[in-house]
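Reader: I am a first-year student, and I would like a close look at one part of this structure. Please take the packing of two helices, and then go on to whatever else is worth describing.

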Amino acid sequence: MRLKFFIVCVFSLTSVIGLRADNGSLLWLKQPISTTSSITTKERMTPTLAIAVQELKDYWTGAPIKLIKQKNKQLNKEGFKIITQPQLTIISPSDIGLLYGAYYLLRNQAMGSTIQNQVIENPFYERRMLNHWDNLDRTVERGYAGASLWEWDELPDSVSHRYQEYARANASVGINGTVLNNVNASPEILTTEYLQKVKVLADIFRNYGVQVYLSVNFASPMVIGGLSTADPLDKDVARWWKDKAKEVYKIIPDFGGFLVKANSEGQPGPCDYQRTHAQGANMLADALKPYNGIVMWRTFVYNPEDADRAKQAYLEFQPLDGEFRDNVILQIKNGPVDFQPREPYTPLFGAMKHTQTMPEFQITQEYLGHANHLAYLAPMWQEFYGLVNPASQVALAGVANIGTDTNWTGHPFGQANWYAFGRLAWNPKLNSEQIADEWLKQTFTTDEAFVQPVKAIMLDSREAVVNYMMPLGLHHLFAFGHHYGPEPWCDVPGARPDWLPSYYHKADKEGLGFNRSTTGSQATLQYPDSLKLLYDDINTCPEEYILWFHHVPWSHTMKNGKTLWEELCYKYSEGVQQVRTYQQLWASIEPFIDAETFQDIQSRLKQQALDAVWWRDACLLYFQQYADMPIPSELERPVYCLGEMKQFKLNIDNHENAPHGFK
Ligand code: GCV
């Protein structure tokens, strides 16, 4: 309804002709240069303060500004205060706080807002970091925006201008850390040769308050250290890590720490030596401790022998609560399976009373249409915060969606997810609408006739993806390997069962969905009492999770009176309809945006619409074999047939053209 209203409004506007082409490289930082501003500070000039002053000199058009470095009871280390009387002044105990204050003012200016009285801002999380899944050969695992930004072969001698631009963009939204390399880590990253390259990046990023971290391979002492074991209780192994930490800090004195994926998807780890995750993490933590370094230890573990993958992180880590050093943080994916369009939260959050934890979100859209689909992810992250209290968390990680593409993220709206991640890491209480509003106004125009309808698309978009891909708690229906298109029928001989869709959807003649209730895998027991009861009963389980927690009979009556089968048909159809509406709406905002960007997004929406139909038809026709009921007559008929779709094999190297096989 809301979306349709906007279509009418926008059509009534007069068009603006000939907007300049915008290649997206400036992200949300596109203010016109100003030469009029008076920016003063009496503080000792540091590189970070110099950047703050220069940013304001270049772009601020308002009243003169003073910057003062001063402790203040209301401010933490990176916080800032802005007062307007007697003079506009940014106050912070640190240089980086002053820079954040400068970006705050510039954001406000770009949005056309003014500051009433004063502003006090403190970042919620101490560590707000991107995780790059970038390999040393510059491929990016689950990356859809070109190659890795890090030009390892050219470093340390040649330095890309994009390193500084990257750091600036991060600082402008408060991101203060980056893990440069893939969690499926090459041991080579810890060689002296690579550390010298990392140093160059760290030197650039430091001025923008961005600390560098590395993913490490647990078997590094064997692969690059020549030891015969990586057993964390072996003295030589512990010594090797201590020496390596010493070397790292000699080269990069403010190095942040290690991120570790251990005993997961074939990666080495302490369990290879019958040691626990705590023993492995603590050994690394001890090596980093003298330098204030931390270990972020991932809890993403699962193995095919167990009956329910969703339970495994909890089963493995909860009994270890209290055993981790105080410089270890458990990094936990938001959902218990793997970054699906919708998952309930991982029950480890809240269950680790004596261990530091941090959520891991995925900004790159591995399971949400790669760089082809418009999916604004802030509502998904906000949904997580609706159930999980961030109070006990110390950090937040987001798997980056950035690459060498001129516009950084492939889909121009992918930038909004990078932006939103930073803003939520700064303040998880910010709402999705406000963040979308900020991003749109800074990136495109403050004209409400553009902002309002496009914001409505953004806010609706994640739910649309859920609807056309995996509504009602369905998950992991993806084709083997690429995680783009649907293959609920997928069966690869010899493949791990937990990598196949039938493990998750469990479709049969009786019904659909994974019974994780007390009569099934009992995953519901891992949640706190109130949620346990809610999720466990098919009649109280929120319907957006019903097929996650229950094997639901096809004729089960849903809250709106429809049967499960009918509701499934309606949800898939709604998803397709939502994207069609975005296409229509997008056509109507043409006057407000340059032609190249307009057409780029238009063609991606077309692709998204084709994909949505692909998903709907594949899933409904496949499940219909079990449900044995007709698609309600008032709904659009499938345009493909199941056999046709089973034949189609997506060429992942050219996946932009994925569903063209169905055109
Ligand atoms: C980096 C999923 C992805 C993998 C990723 C893994 C992880 O399984 O498909 O590409 O590996 O998660 O988070 O470690």
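Author: The helices α3 and α4 are roughly perpendicular to each other, a label used for angles of 65 to 115 degrees, whereas angles under 35 degrees count as roughly parallel, over 145 as roughly antiparallel and the rest as oblique. Their packing angle is about 80°, and their axes lie 9 Å apart. An axis here is a line fitted to C-alpha atoms, for helices over the stretch in contact, and the angle runs from 0 to 180 degrees between N-to-C directions. Helix α3 covers residues 95-111, and α4 covers 161-172. Helices (H or I, at least four residues) and strands (E, at least two) are DSSP runs, numbered from the N terminus.

On the α3 side, the contact is made by Leu 99, Tyr 100, Tyr 103 and Arg 107, and on the α4 side by Arg 168, Ala 171 and Ser 172. Contact means heavy atoms within 4.5 Å. By class, this contact has 4 nonpolar, 1 polar and 2 charged residues. Ala, Val, Leu, Ile, Met, Phe, Trp, Tyr, Cys and Pro count as nonpolar, Asp, Glu, Lys and Arg as charged, and the others, Gly among them, as polar.

Before going further, note that this is a predicted model, in which local features need pLDDT of at least 70 and side-chain atom pairs count only at pLDDT 80 or more, while totals for chains, interfaces and linings use all residues. Residues are numbered from 1 along each chain as its sequence is written, and side-chain values use heavy atoms, with hydrogens and water left out.

Helix α4 also closes a loop that starts after β6 (127-131), and Pro 156 lies in that loop. The peptide bond from Leu 155 to Pro 156 is cis, with omega near 5°. A second cis bond joins Gln 85 to Pro 86, with omega near -5°. Pro 86 is in the loop between β3 (80-83) and β4 (88-92). Most peptide bonds are trans, and most residues other than glycine have a negative phi.

Two residues in the loop between α13 and α14 have a positive phi without being glycine. Leu 472 has a phi of about 60°, and His 483 has one of about 55°. The loop runs between α13 (448-469) and α14 (501-505), and His 483 lies in it too. Leu 472 counts as buried at 6% relative accessibility, and His 483 is buried at 11%. Buried means under 20% relative accessible area, exposed over 50%, and partly exposed in between (1.4 Å probe, protein chains only).

Lys 244, in helix α7 (residues 235-251), is buried with a relative accessible area of 9%. Leaving aside neighbours within four places in sequence, Lys 244 is in contact with Leu 190, Thr 191, Thr 192 and Leu 195. The C-alpha atoms of Lys 244 and Thr 191 are separated by 9.0 Å, although the two residues are 53 residues apart along the chain.

Gln 267 sits in the loop between β9 (257-260) and α8 (277-288) and counts as buried at 15% relative accessibility. With neighbours within four places in sequence left aside, its contacts include Val 183, Asn 184 and Lys 261.
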